[in-house]
Amino acid sequence: MEEVDINRNPPTREFLETHVDPERFLDFVSTRSPVFKERPLPKTKKQAIDLMMENPNLIRRPILIRGSKVIFGFDKERYQNG
C-alpha cells in the first residue's frame, strides 16, 4: 500500500473527472469542512471538482485505489468487498 499526502500531491483534474460520479458528486466532497460555512455546497460535478482542485482538503479521504476500483472516503464494507 502506498500513502500519498493529497495536500502535497493532489489528484489531477483528469483523475477526478474520471472517478467522481456526476449523479453523486457530493459523496466525493468533504461537506463538513468549514469552507462550506462560508460558501454554498457545489451544485454540479464541475463546481465540485473546481473546489477540490482549489482546495485538496475538500476531497473526501482516504482515496483507496485497488486496480481499476477507486473508493473515496472510509467505507469498511466496500473495502472488504472490493
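**Exercise 1: the core.** Which residues have the most contacts inside the largest nonpolar core, which has 17 residues?

*Solution.* Start with the term: a nonpolar core is a set of buried Ala, Val, Leu, Ile, Met, Phe, Trp, Tyr and Cys residues joined through side-chain atoms within 4.5 Å. Buried means under 20% relative accessible area, exposed over 50%, and partly exposed in between (1.4 Å probe, protein chains only). The residues to pick out are Leu16, Val20, Met52 and Phe72. Next, find the suppliers: α1 (13–19), α2 (35–38), α3 (45–54) and β2 each give at least two residues of this core. Finally, α3 provides the largest share, 4 residues. Helices (H or I, at least four residues) and strands (E, at least two) are DSSP runs, numbered from the N terminus.

A word on the model: it is predicted, so local features need pLDDT of at least 70 and side-chain atom pairs count only at pLDDT 80 or more, while totals for chains, interfaces and linings use all residues. Residues are numbered from 1 along each chain as its sequence is written, and side-chain values use heavy atoms, with hydrogens and water left out.

**Exercise 2: one core residue.** List what valine 20 is in contact with, leaving aside its neighbours within four places in sequence.

*Solution.* Contact means heavy atoms within 4.5 Å. With that rule, valine 20 meets Phe25, Phe28, Lys45, Ile49 and Met52.

**Exercise 3: the hairpin.** How do strands β1 and β2 run, and how many bridges join them?

*Solution.* Two strands pair if DSSP finds at least two bridges between them. Here β1 (residues 63–66) and β2 (residues 69–72) are antiparallel, with 4 bridges. Leucine 64, for example, has isoleucine 71 of β2 as its bridge partner. Now look at the turn: the hairpin has 2 residues between the strands, and glycine 67 takes a positive phi near 65°.

**Exercise 4: a peptide bond.** Is the bond from arginine 61 to proline 62 cis or trans?

*Solution.* First locate proline 62, in the loop between α3 and β1. Then read omega, which is near -5°, making the bond cis. For background, most peptide bonds are trans.

**Exercise 5: aspartate 27.** Is aspartate 27 buried, partly exposed or exposed?

*Solution.* Find aspartate 27 in the loop between α1 and α2. Its relative accessibility is 34%, so aspartate 27 counts as partly exposed. To place aspartate 27 in space, go to alanine 48: the two are 21 residues apart in sequence and 10 Å apart, C-alpha to C-alpha.
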